Amino acid sequence: MDADGAEEGHEGADAFFVGGVGQQQGQEDHGADVEHGDALAYTGLRWGEVTALRVKDVNPMRRRLNVVLNAVEVGSKIEVGTPKTHKKRTVPFPAFLADALAVQMAGKHPDDLLFPGDDGKYMKRGGTSQTSRGWFVGALGRAGLERMTVHDLRHTAASLAISAGANVKSVQAMLGHASATMTLDTYADLFPDDLDAVAVALDAAASQQVALKVRSRD
C-alpha cells in the first residue's frame, strides 16, 4: 500500500478486468475497455488460475485458455501449484476477448505471465471493502459495475454460461468442479426447469402412439 493507504496499482489490471489497456496507456476514454467485456466474468477461472496464466497458455486459434497452474496467496506469499482439483483443463473464451488477450500477449515470451503485477510477478487480489481504493474497485467503477468481490465474477461466468444454454457437464468443465453434482448443488436454481418440456414430450409420444393405433385399424 502507498502512504495514503490505497493499494498500489498493477500493470495490466484494467486489461485483466475490463479487457483493454486504455487506462494503463493513460487514455481518458474507457469506453473501448468496457466494450471488450470482463475477462474473469466470461471464463469462470478462479483468481489464482487467471493470475497464473502464461502467454503460452493462450490458444488464439481455438480461443482456449489452458489452465495448468494456480497461484494462491498464503499470507504475504504466493504459492504456485496445480489447479484446485489438481486437474488441468481447457476453458473457452468468447471471440470478443481475443483482441484484448492479443494485446496482453504482444511482445512477451511464451513463459511470461499474461497478467503480471507491477513487479512482473503474480498479481495480488485487490481489496473490495467500502473504504478500499485499490485497482479492483477502480476497475469496477470504470466498468459501471456495483461493488463485488473478485470471486463473484466466477459466479457471473457460470450464470452467463447457463443462461446461454450450456448444460451442467459443460459448466462443470469450465469451472473445474470435481463433479457435476457440485455444479448442480451450487447453481441448481439457474438451470431451466425441464418439467414442462418433459410433459410436452410425453404428450407428443402419447399422441404418436394413438395415431399409430388408428392407422393400424385402417
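**Exercise 1. Arg89 and its surroundings**

Arg89 is found in strand S5; work out whether Arg89 is buried or exposed, and which backbone oxygens its side chain reaches. Keep in mind that you're working with a predicted model.

*Solution.*
- Step 1: start with burial. The relative accessible area of Arg89 is 11%. Buried means under 20%, so Arg89 counts as buried.
- Step 2: now look at the tip of the side chain. The side chain of Arg89 reaches the backbone oxygen of Ala173 at 3.5 Å. A polar atom of that side chain also lies 3.4 Å from the backbone oxygen of Leu175.
- Step 3: check a neighbour in space. Val68 sits 21 residues from Arg89 in sequence, yet C-alpha to C-alpha they are 6.9 Å apart.

**Exercise 2. The sheet around S5**

Find the order of the strands in the open sheet that holds S5, and say how they pair.

*Solution.*
- Step 1: trace the order. Three strands make up the open sheet, running S1-S2-S5, and the pairing is antiparallel.
- Step 2: find the edges. S1 (58-59) and S5 (89-92) each have a single partner strand, so each has one side without a neighbour in the sheet.
- Step 3: zoom in on one pair. Strand S2 (residues 64-67) and S5 are joined in the antiparallel sense over four bridges. Among the bridge partners, Val67 goes with Arg89 of S5, and Asn66 goes with Thr90 of S5.
- Step 4: sort the faces of S5. In a regular strand, side chains alternate between the two faces of the sheet. Here, Arg89 and Val91 make up the covered face of S5, while Thr90 and Pro92 make up the uncovered one.

**Exercise 3. Two helices, two buried faces**

List the buried residues of helix H4 and of H8, then explain how they are arranged around each axis.

*Solution.*
- Step 1: take H4 (residues 98-105). Its buried residues are Ala100, Leu101, Gln104 and Met105. Looking down the axis of H4, you find them within an arc of 140 degrees, so they line one face of the helix.
- Step 2: recall the helix geometry. An α-helix has 3.6 residues a turn, so residues three or four places apart point the same way.
- Step 3: pick out the polar one, Gln104 of H4. Gln104 is buried, with a relative accessible area of 7%, and its side chain reaches the backbone oxygen of Leu114 at 3.0 Å.
- Step 4: see what follows the helix. Just after H4, Gly107 has a positive phi of about 75 degrees.
- Step 5: move on to H8. The buried residues there are Ala180, Thr183 and Tyr187. They cover an arc of only 60 degrees around the axis, which puts them on the same side of H8. Thr181 and Asp185, on the other side of H8, are exposed.

**Exercise 4. A pocket and a cavity**

Describe the second largest pocket by its space and lining, then do likewise for the second largest cavity.

*Solution.*
- Step 1: get the pocket's volume. About 290 Å³ of space lies in the second largest pocket.
- Step 2: go round its lining. There are 16 lining residues, and those nearest the centre of the second largest pocket are Arg46, Trp47, Lys84, His151 and Arg154. The elements giving two or more residues to this lining are helix H3 (47-51), strand S3 (70-74), helix H6 (152-163) and helix H8 (180-187). S3 supplies the largest share, four residues.
- Step 3: sort the pocket lining by class. You get five nonpolar, six polar and five charged residues.
- Step 4: turn to the cavities. Searching the whole structure gives four cavities of 30 Å³ or more. The second largest cavity holds about 40 Å³ of space.
- Step 5: name its walls. Leu40, Leu45, Arg46, Trp47, Arg125, Val150, His151 and Arg154 line the second largest cavity. By class, that lining divides into four nonpolar, one polar and three charged residues.
- Step 6: put the two lists side by side. Arg46, Trp47, His151 and Arg154 appear in the cavity lining and are also among the residues nearest the pocket's centre.

**Exercise 5. The whole chain**

How many helices and strands does the protein have, and in what order do its elements run?

*Solution.*
- Step 1: count the elements. The secondary structure comes to nine helices and five strands.
- Step 2: read along from the N terminus. The elements run α-α-α-β-β-β-β-β-α-α-α-α-α-α.
- Step 3: finish with burial overall. Of the 218 residues of the protein, 38% count as buried.

Terms used
Residues numbered from 1 in each chain as written. Predicted model: local features only at pLDDT ≥ 70, side-chain atom pairs only at ≥ 80, totals over all residues. Heavy atoms only, no water. Buried < 20%, exposed > 50% of the residue type's maximum accessible area, 1.4 Å probe, protein only. Arc of directions from axis to C-beta. Pairing = 2+ DSSP bridges. Polar contact = N/O pair within 3.5 Å; in protein donor to acceptor, adjacent residues only side chain to side chain. 1 Å grid on protein atoms, 1.4 Å probe; cavity = no way out; pocket = protein on both sides within 12 Å on 5 of 7 lines; lining within 4 Å. Points joined across faces, edges and corners; volume = space filled by probe spheres on them. Nonpolar A, V, L, I, M, F, W, Y, C, P; charged D, E, K, R; others polar.
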